[in-house]
Protein chains: 2
Amino acid sequence: MPLVRKLGAFVALSRAEIAVLEGLRKRRRTFVAGRDLVHQGQSDQAAYILMSGWACSYKDLADGQRQIVDFQIPGDFLGLRSILLHMSDHSIEPVTDIEVTEVLKADLLTAFTQTPRLALAIFWAASRDEAMVVEHLVGVGRRDAAKRMAHFLLELGARLTLIGEGSKAGFECPLTQYLMADALGLSAVHVNRVLRLLRENGLLTFRDGYVTFDDYAGLTAFADFDPTYLDQVGPLLQ
Amino acid sequence: MPLVRKLGAFVALSRAEIAVLEGLRKRRRTFVAGRDLVHQGQSDQAAYILMSGWACSYKDLADGQRQIVDFQIPGDFLGLRSILLHMSDHSIEPVTDIEVTEVLKADLLTAFTQTPRLALAIFWAASRDEAMVVEHLVGVGRRDAAKRMAHFLLELGARLTLIGEGSKAGFECPLTQYLMADALGLSAVHVNRVLRLLRENGLLTFRDGYVTFDDYAGLTAFADFDPTYLDQVGPLLQ
DNA sequence: CCGATGGACTGATCCAGATCAGCAGGTCGT
DNA sequence: ACGACCTGCTGATCTGGATCAGTCCATCGG
């Protein structure tokens, strides 16, 4: 259902297309926090749609470090790209216990050719994900730690707001400071200091698994946050 | 022609599909180095296929810095994503004078619905581009300057080799040290020092618009370079 | 009840890479 | 033929964030 809403934001799906979409939802599965769901280099025959909980996609480096590429929240795809690229080029790990719906590669490819507009809608969703990765790259490459953190949390907040799990006041956030460090390219120690800085400046508070935006306007100005790349909605095809 | 070869690596395109592909190539255009081809926030009605020359896609920041997201070489798409996301979320600038083939948004979307397998092939090409952005993110987030530079030049070399414009010996490279700095999230000064370091260690030489891999094996080991994400070839559909 | 584990948090020290300030050669416009 | 500008290159200095080495809870399993 969240998927229909999400894709429906892009193309007005016909009854037939929604039927195909509903038809390919196969198996509901659950995974526990911390245990890899997809592993780097593994070739997978399925993608997943996240129904509840949070996950993250990341890459490991030879020296033991890792870079978290993105976090996934309910409604997001997991491992969509690895269906096309044969082999997954990254790992996916549940941050919390998660529920997913498994979609088999073969089914999805068939659906693509049967209902081209559906493929387009999913393509659009993937494009939006890529825009987020690009924004992430910009942050890691050119923003200092504080702006990077602020931008990151604002983006998460905006995404959660779209699925009704957050607002300009704040959101529930199961991430540890270690996870944020791996995402932002910082050390966990520095993540802690930056959070203190933002708190002391009255911008936001991260405490007990909850992010509070103490000054939303100030924060967006400080982080130079422009949510355009998330707002992309509306029928492109009529 | 390079496009047919590129997409053909993924799905065996039928004669009809190739015809559609050839059919939608519209206008050939040229752009001079340095003048933006697509500007951030602009809504465009066309995408381009790069025929000759190099370009780069980048994002500007409020404080005047910029982050180059990726370089495009002949055969690559320019602005494909902005066709789906209404509005371009980044700018594209020719690094050299370039020749492109313009493809109109409407034509492309029609082609997508007419020949689903073609859409799939283009989707695959986009996925590969995204994998490169991810790899780029990993480099900027977690690799030190030298490894980052080495990895970057190895990737460029591998991409150029695929289109017959490079080898394990090296490649012609029109990039300035300033451009590399903006791509790697470094200062131009440091780019220069890192290049000297790599040269002094007998790994690679960057001089007079040419990159020479003095020790290809040593370099891949040093940079922990794994070209898997570029090698993705072979028919997924039979 | 007690040890183990994991997450938040802190001070002290260190260093990779930024910044500042320059020089040298090439090319372009006038 | 003379600046102006771009690109490559360098030394000196400064700093944001890493690293090291902890403390202080809370939770959990036995």
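Two strands count as paired if DSSP finds at least two bridges between them. The exercises below apply to a predicted model.

**Exercise 1.** Determine in which sense strand S3 and strand S6 of chain A pair, and over how many bridges.

*Solution.* Begin with the cut-off, which asks for at least two bridges. Strand S3 (residues 55-60) of chain A and S6(A) are joined over 4 bridges, and their pairing is antiparallel. As a residue to look up along this pairing, take A:Tyr58, which stands opposite A:Ser91 in S6(A).

**Exercise 2.** Place these strands in their sheet, and explain why S4 and S6 of chain A each have one side without a neighbour.

*Solution.* First write down the order, which is S4-S3-S6 in chain A, an open sheet of 3 strands with antiparallel pairing. Next consider the edges: S4 and strand S6 (91-94) of chain A each have a single partner strand, so one side of each lacks a neighbour in the sheet. Then add the geometry, in which neighbouring strands are turned against each other by 30 degrees on average, direction ignored. Finally, place helix H7 (residues 177-184) of chain A, which packs on the sheet by touching S3 and S4 of chain A, its direction making about 105 degrees with that of S4(A).

**Exercise 3.** Work out which element gives the most residues to the side of chain A that touches chain B.

*Solution.* Start from the whole contact, to which chain A and chain B contribute 41 residues each. The elements of chain A that give two or more residues include strand S4 (66-72), helix H4 (105-114) and helix H5 (116-142). Of the elements, H5(A) gives the most, with 18 residues. To complete the picture, sort the residues on this side of chain A by character, which yields 22 nonpolar, 11 polar and 8 charged.

Key:
Residues numbered from 1 in each chain as written. Chains lettered and ligands numbered in written order. Predicted model: local features only at pLDDT ≥ 70, side-chain atom pairs only at ≥ 80, totals over all residues. Contact = placed C-beta atoms within 7 Å. Nonpolar A, V, L, I, M, F, W, Y, C, P; charged D, E, K, R; others polar. Axes fitted to C-alpha atoms, helices over the stretch in contact; angles between N-to-C directions.
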